[in-house]
Amino acid sequence: MPWKEYHKVWGVMIFGWIANYMVRSGLAPVLIPIRQEMNLTYAQAGWIASALFYAYAGMLFPAGHLGDRFGRKMVLVVCTFWWAVSSVLTGFAESFAALFLFRFLTGLGQGSYFSNDRPIISHYTPKEKQGFGQSFSFIGLGTGMFLGYVLAGLISSSLGWRYVFYFFSLPSFAAGILILKYIKEPKSCVSNSSNSRPQVPYSILFKKTDLWMLYIGGIPGVYAVWMAGTWGPAIFQELGVGTLAASSVLSGLIGISAIPGLLMTGWISDIMVKNNMGRKGLIGAQFCAIALLMLLMGAAIRLKWSPYWGAVIIFCIGFFAWGHWGAFYALISDIVPHHIQGTCYGFTNSVNFIGALIAPPMTGWI
């Protein structure tokens, strides 16, 4: 297959997501040593894990709107450097309040990435490859989560948890440089002339029943990822895994499972569209699978199943919970005009991330 412009865009965005999720998921494996050092309860540790998501969810909608109006590349560059600096500051935190603040600041930067990355992918990807393009360009999430878990466990065991955030800032700085150098602002995304800018019907974001089904329907998928993602290391220790490094590696399976999950779902959804079957049936089937797997995880923890069964369940949760996003976001690009897609993607994910806001503290409280 000949190299195309959209392949370069996919590659840069994938690296950006790897850097994003290394910083984001690097906290989970070190929650235990942080909790011990700062004498925190499980519920307090859960609030620290959620701090990023409060800022993240709050920034998705305004950042998408800013990108629609003033340029998506600019927002991407600024937000990437922002969370890189915030990652460094996290390593200097000495208290619950400071750690919560710096993770909150990290979320402000990371929440601006998604709303502007997805419309750029949509713009550069051929129409007939939207499902695969949205999926393939999203595999950086799972890859970054896997690397975040594995490397955070190893770094923390050798040097202490603070060095995790020092080292993880480096790929983020590199991602900002790559976006600045290689991504071109799509001409149709922004115009300096208010007369040439298309009339933006923002009201459709709140009037379409289909979109509200996607807004609310995405909540449990995000909840599943961040319940398992945040508390995975603690779950495996309860199942008998003895070391932080080993439990982090097993927890990282929820990240690596995103790669086959996303690629397969995106490919299948494009085939279904080509055969006039649509994407929504596939999305619904995947949510049923997530529900069953969450039930199995509860049974595994309660009945003290083997860690290997826990690993299989974690992998399968990630396969379906990550995998459905390829078809999910391609469906949005099918029904929303391109010039307001940043705002729509931002609002969609801000509602979806209610699941991430409640998953860590609610699970910790339970």
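In this predicted model, the accessible surface of the protein amounts to about 14,500 Å², and carbon and sulfur atoms account for 71% of that area. Buried residues make up 57% of the 366 residues. The C-alpha trace spans about 60 × 40 × 40 Å along its principal axes. A compact globule of 366 residues would have a radius of gyration near 21 Å, and the protein, at 20 Å, agrees with this. The secondary structure consists of 18 helices and 0 strands. Of the contacts between residues at least 6 apart in sequence, 84% join residues at least 24 apart.

Helix α4 gives a helpful view of how one of these helices is packed. Spanning residues 72–90, α4 has 19 residues. From the first C-alpha of α4 to the last, the helix reaches 27 Å, close to the 27 Å expected at 1.5 Å a residue. Its buried residues are Arg-72, Lys-73, Val-75, Leu-76, Val-77, Cys-79, Thr-80, Trp-83, Ala-84, Ser-86, Ser-87 and Thr-90. These buried residues pack against α1 (5–25), α3 (42–70), α5, α8 (162–182) and α17.

Two of the partners of α4, helices α5 and α17, turn up again among the aromatic pairs. A pair of aromatic rings is described by the distance of the centres and the angle of the planes. With ring centres required to lie within 6.5 Å, the count comes to 35 aromatic pairs. In one of them, the rings of Phe-114 and Phe-138 have centres 6.2 Å apart and planes at 55°, so this pair is tilted. Phe-114 belongs to helix α5 (residues 96–124), while Phe-138 sits in the loop between α6 (130–136) and α7 (139–159), so the pair ties together parts that are 24 residues apart in sequence. Both phenylalanines, Phe-114 and Phe-138, are buried.

A further pair is formed by Trp-212 and Phe-347, whose ring centres are 6.0 Å apart; the planes meet at 85°, so the arrangement is edge-to-face. This pair links distant parts of the chain, with Trp-212 in helix α10 (residues 209–217) and Phe-347 in helix α17 (residues 341–352), 135 residues apart. The accessibility of each ring-bearing residue can be given as well. Trp-212 counts as partly exposed because its relative accessibility is 32%, whereas Phe-347, at 14%, counts as buried.

Another approach of remote chain segments involves Thr-363, which is found in helix α18 (residues 354–365). The C-alpha atoms of Thr-363 and Ala-228 are separated by 9.5 Å, although the two residues are 135 places apart along the chain. Leaving aside residues up to four places away in sequence, Thr-363 touches Tyr-223, Met-227, Trp-231 and Ile-358.

Turning to the cysteines, a search of the whole structure finds 0 disulfides. For Cys-288, the closest cysteine sulfur is that of Cys-316, 16 Å away, which is too far for a bond, given that a disulfide needs sulfur atoms within 2.5 Å. Cys-316 is likewise in no disulfide, and its nearest cysteine sulfur is that of Cys-288. As for their surroundings, Cys-288 is exposed, with a relative accessible area of 55%, while Cys-316 counts as partly exposed at 26% relative accessibility.

Methods: Residues numbered from 1 in each chain as written. Predicted model: local features only at pLDDT ≥ 70, side-chain atom pairs only at ≥ 80, totals over all residues. Heavy atoms only, no water. Phe/Tyr/Trp six-rings, centres within 6.5 Å; stacked < 30°, edge-to-face > 60°. Helix = DSSP H or I, 4+ residues; strand = E, 2+ residues; numbered from the N terminus. Buried < 20%, exposed > 50% of the residue type's maximum accessible area, 1.4 Å probe, protein only. Expected span 1.5 Å × (residues − 1). Contact = heavy atoms within 4.5 Å. Rg over C-alpha atoms; globule rule 2.2 N^0.38 Å. Areas by Shrake-Rupley, 256 points an atom, 1.4 Å probe, with all protein chains shown as cover.
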